[in-house]
Amino acid sequence: MNKPKPVLDPPDKLSARDRILAAANELFYKEGIRAIGIDTVIEKAGVAKMSLYRAFPSKDDLIAAFMEMRDKIYWEWWDGVVARHPGDPRRQLGALFLALAKRTSSPSYRGCPFVNTAVEFPDHSHPGRAVAEGNKRELRRRVRGLVDGLGVAAPALLTDQLLLLMEGAYSAGNTLGADGPSAAVASAAEAIIDSHLREDRT
């Protein structure tokens, strides 16, 4: 007599940890981290409280994991945009700012999660704040790498000008929404890059 085959979980079924992190991602991003309590995350994730504390011993651990996930998502987005124009830093920068304009002009945009977290947690020793700062440092490093490929005379200045444009788009997209000026960030970046290239030709 054949034994019945065990019922296996479908391969796409999320673990309790993944469900908790997905719930935290949605709630923290939409409502803010301090506004959301652990019980709300548990209810959204559909798990027992013990499951949450096994995966994340404290709310700060959950915040850090949420931020690490957002950091990973952000660089996957960045790498996907840059990969469309291999070896062409000018077009890579243009594509990044066009993608940024689209992202920050979306009706569902709730602001940069790294900026939001830095505002909510001013203490630099907070683990979530540390991830946010790390993301911004890496952003500056990556922008500088692309700018270096342009061969302009003042790469540090252009890098910081482009970073300020990015941060302005993040802020305007959050406060003013789809009707705000974020959609203009790509043309502003082009104008600044062109001005540096023109100076180098004179």
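Here is a walk through this structure, from its overall build down to single residues.

Keep in mind from the start that you're looking at a predicted model. Let's begin with the big picture. The protein has nine helices and zero strands. If you follow the chain along its sequence, the pattern reads α-α-α-α-α-α-α-α-α. What about the overall shape? The radius of gyration is 21 Å, well over the 17 Å that the globule rule gives for 202 residues, so the protein is more spread out than a compact globule. The extents fill in that picture: along its principal axes, the C-alpha trace spans about 85 × 45 × 35 Å.

Next, how is the chain packed? Out of the 202 residues, 43% count as buried. Now take the contacts in the protein with a separation of 6 or more: residues 24 or more positions apart account for 67% of them.

For a close look at one buried residue, go to Gln92, which sits in helix α5, running over residues 89-104. Is Gln92 buried or exposed? Its relative accessible area is 8%, and since buried means under 20%, Gln92 counts as buried. Who are its neighbours? Leaving aside residues up to four places away in sequence, Gln92 touches Val82, His85, Pro86, Gly87 and Leu146.

Now for the charged pairs. Side chains of opposite charge can pair when their charged atoms come close. How many salt bridges does the structure hold? The count is 14, and a few of them are worth visiting one by one.

Start with Glu26 and Lys44, whose side chains form a salt bridge at 3.3 Å, N to O. Glu26 belongs to helix α1 (residues 16-31) and Lys44 to helix α2 (residues 38-45), so this pair ties together parts that are 18 residues apart in sequence. Neither partner is hidden away completely: Glu26 is partly exposed at 32% relative accessibility, and Lys44 is partly exposed at 44%.

Helix α2 turns up again in the next bridge, where the side chains of Asp39 and Lys49 meet at 3.2 Å, N to O. Here Asp39 is the residue in helix α2, while Lys49 lies in helix α3 (residues 49-55), so the pair ties together parts that are ten residues apart in sequence. What about their surroundings? Asp39 has 52% relative accessibility and counts as exposed, because the cut-off for exposed is over 50%. Lys49, with a relative accessible area of 43%, is partly exposed.

Further along the chain, Arg140 and Asp160 join their side chains in a salt bridge of 2.9 Å, N to O. This pair links distant parts of the chain, with Arg140 in helix α7 (residues 127-148) and Asp160 in helix α8 (residues 155-176), 20 residues apart. Both can be placed by accessibility too: Arg140 is partly exposed at 45%, and Asp160 is partly exposed at 29%. Some bridges also share partners, and in that way Asp79, Glu138, Arg141 and Arg142 are joined into one network.

Hang on to Arg140 and Asp160, since they come back when we turn to the pockets. The second largest pocket holds about 150 Å³ of space. Which residues line the second largest pocket? They are Lys136, Arg137, Leu139, Arg140, Asp160, Leu163, Leu164 and Glu167. The elements giving two or more residues to this lining are α7 and α8. By class, the lining has three nonpolar, no polar and five charged residues.

Finally, have a look at the largest pocket, with a volume of about 210 Å³. Its lining is made of 14 residues, and those nearest its centre are Tyr29, Arg70, Arg103, Tyr109 and Pro113. Which helix supplies the largest share of the lining of the largest pocket? That is α4, with three residues. Two helices, α4 (59-82) and α6 (113-120), each supply at least two residues of this lining. By class, the lining of the largest pocket divides into eight nonpolar, three polar and three charged residues. Set the two linings side by side on your screen: eight nonpolar and three charged residues around the largest pocket, against three nonpolar and five charged around the second largest.

Methods:
Residues are numbered from 1 along each chain as its sequence is written. This is a predicted model: local features need pLDDT of at least 70, side-chain atom pairs count only at pLDDT 80 or more; totals for chains, interfaces and linings use all residues. Side-chain values use heavy atoms; hydrogens and water are left out. A salt bridge is a side-chain nitrogen of Lys or Arg within 4 Å of a carboxyl oxygen of Asp or Glu. Helices (H or I, at least four residues) and strands (E, at least two) are DSSP runs, numbered from the N terminus. Buried means under 20% relative accessible area, exposed over 50%, partly exposed in between (1.4 Å probe, protein chains only). On a 1 Å grid over the protein atoms alone, a cavity is a set of points where a 1.4 Å probe fits but cannot get out, and a pocket is an open set with protein on both sides within 12 Å along at least five of seven lines; lining residues have an atom within 4 Å of a point. Grid points are joined across faces, edges and corners, and a volume is the space filled by probe spheres set on the points. Ala, Val, Leu, Ile, Met, Phe, Trp, Tyr, Cys and Pro count as nonpolar, Asp, Glu, Lys and Arg as charged, and the others, Gly among them, as polar. The radius of gyration is taken over C-alpha atoms; the globule rule is 2.2 Å times the number of residues to the power 0.38. Contact means heavy atoms within 4.5 Å.
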